[in-house]
Amino acid sequence: MSKSTSNYSPIMNTYSRFPLSIQKGKGTLVWSDNNEEYLDFTSGIATCNLGHCPPEVEKALSEQLSQLWHTSNLYHIPKQEELACLLVEKSCFHQVFFCNSGAEANEAAIKLVRAFANKNGKKKASIVTFQQSFHGRTLATVAATGQDKIKSGFEPMLEGFTHLPYNELQSIQTIRDMAPTAVMLELLQGEGGVVPADPDWVRELSSICKENGILLVVDEVQTGMGRTGSLFLYEQYDVQPDIMTLAKGLGSGFPIGAMLAKEEIAAAFLPGMHGSTFGGNPLASTAGIATLNVICQADFLNKTVELSQILRSELEGLQEEFPFIKQIRGKGLLLGLEISGNALDLVKLALNEKLLILTAGPDVVRLLPPLTVSKEELYSFIQKFTKVLQQFREVHHG
Ligand SMILES: Cc1ncc(COP(=O)(O)O)c(C=O)c1O
């Protein structure tokens, strides 16, 4: 390809992009380069949980910008320690490793599981993950992911992963027989179609893990940081995982990832075994602290739950009017509508109506408004979305 041809792009061709350039964002709204206003129900894929440019994070980052940006992890980073303390205080874990993305957090979790197995004399660690799961795009996390379309073309896969059916009792039986080193799962599969894990299944899975010394790893990259109505989704399942991964919402859009573990498991990492140049640098940690402080304000998550109930009941109203909406799933403000028809076609129609929404697989429309969305914005969304559904019905179900 020549640099002078009209279809040349300096960006590698890894994403099919919508015809929209976003220049500015505030709260739930974004503006295109020709100043058209859009209602953003994607939150940068569950990342800008406090909306665009949240003032608390903006203020903290501005102050940090004039102090210190980056030092490396060869020195103590007080802001990183402060963020680790906050995360530990708010969760059942004891120690944190910081990195820059969800895939890196899961990569760190996989390495920790292997280091823990090795330390305990097991040379070949094995990890069970689930069909339709999504854990990232690095080679280890692609191997962990339970979707062929993500793996295809990148073989040979890293060894040591077995994918079992999600939400199936038979999988628990298999796990008991296999006795793997760890089980890694999303308690609500996001990319895989907005599918929550069944609470009884998770309780059973957790007790099999505890009884057999199998580590339970929860990938909360998409579900964490208040997205589902509690700070972490595992709290709603009443289980105590051994390892948890976070990213997306942790920095409100500033890149940061984290892997949290119980003390005895974290102890398998020694100096030199794992690292990241940027992980938890002063800027990223500042964004994380400011974000967490907002989410942990009294009543913040109660409001998320209330907003979720409003959105859900409005969507249920629409389901009666548009029976091609087969099911409404999800938790908090991570909601999915399974439709009969192509979800991407619906998302494209929504774009014309100045609504940004997402798919989660071929037939699921995913809604991820910021947790700070106002009730007025929810009702305005429903009004515009109704128009989109009418158009979709005319084209596909008329
Ligand atoms: C559950 C889950 N894990 C991991 C990832 C990968 O995160 P990242 O894109 O930050 O590497 C994602 C991204 O969508 C995710 O939803």
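This is a short talk on a ligand site, a pocket, a small sheet and two backbone details in one structure.

Before anything else, please keep in mind that the model is predicted.

I start with the ligand. Which residues are closest to the ligand? They are G102, A103, D219, Q222 and K248, and the full shell has 13 residues. Sorted by class, that shell holds 6 polar, 4 charged and 3 nonpolar residues. Among the helices and strands, the one that gives the most to the shell is helix α4, residues 102–119, with 3 residues.

Now some individual contacts. D219 has a side-chain N or O atom 2.8 Å from a nitrogen atom of the ligand. For K248, a polar side-chain atom lies 3.3 Å from an oxygen atom of the ligand. F134 takes part through its backbone: an N or O atom there is 3.4 Å from a nitrogen atom of the ligand. How much of the ligand's accessible area does the protein cover? On its own the ligand has 390 Å² of accessible area, and the protein covers 82% of that.

Next, a pocket. As general background, empty space between atoms shows up when a probe the size of a water molecule is rolled over them. The second largest pocket contains about 720 Å³ of space. It is lined by 26 residues, and those closest to the pocket centre are N73, Q80, V96, F97 and H274. Three elements give two or more residues to this lining: α3 (78–89), β4 (95–99) and β12 (257–261). Of the elements, β4 gives the most, with 4 residues. By class, the lining has 14 nonpolar residues, 11 polar ones and 1 charged one.

Now the sheet. In general, strands of a sheet pair through backbone hydrogen bonds, in a parallel or an antiparallel sense. Here we have an open sheet of 4 strands, in the order β13-β14-β17-β16, and the pairing is antiparallel. Why is one side of β13 and of β16 left without a neighbour in the sheet? Both strands stand at the edges and each has a single partner strand, so there is nothing in the sheet on the other side.

Take the pair at one end of that order. β13 covers residues 325–331, β14 covers residues 334–339, and the two are joined antiparallel over 6 bridges. You can follow individual positions across the pair: I328 has L337 in β14 as its bridge partner, and R329 is opposite G336 in β14. The hairpin these strands form has 2 residues between the strands, and G332 in this hairpin has a positive phi near 55°.

Finally, two backbone details from loops. Is the peptide bond from E155 to P156 cis or trans? It is cis, and its omega is near 0°. P156 belongs to the loop between α6 (148–151) and β6 (161–164). The other detail is N167, which is not a glycine and yet has a positive phi of about 65°. You will find N167 in the loop that runs between β6 and α7 (169–178).

That is the end of my part.

Terms used
Residues numbered from 1 in each chain as written. Predicted model: local features only at pLDDT ≥ 70, side-chain atom pairs only at ≥ 80, totals over all residues. Heavy atoms only, no water. Near = heavy atom within 4 Å. Polar contact = N/O pair within 3.5 Å; in protein donor to acceptor, adjacent residues only side chain to side chain. Areas by Shrake-Rupley, 256 points an atom, 1.4 Å probe, with all protein chains shown as cover. Nonpolar A, V, L, I, M, F, W, Y, C, P; charged D, E, K, R; others polar. 1 Å grid on protein atoms, 1.4 Å probe; cavity = no way out; pocket = protein on both sides within 12 Å on 5 of 7 lines; lining within 4 Å. Points joined across faces, edges and corners; volume = space filled by probe spheres on them. Pairing = 2+ DSSP bridges.
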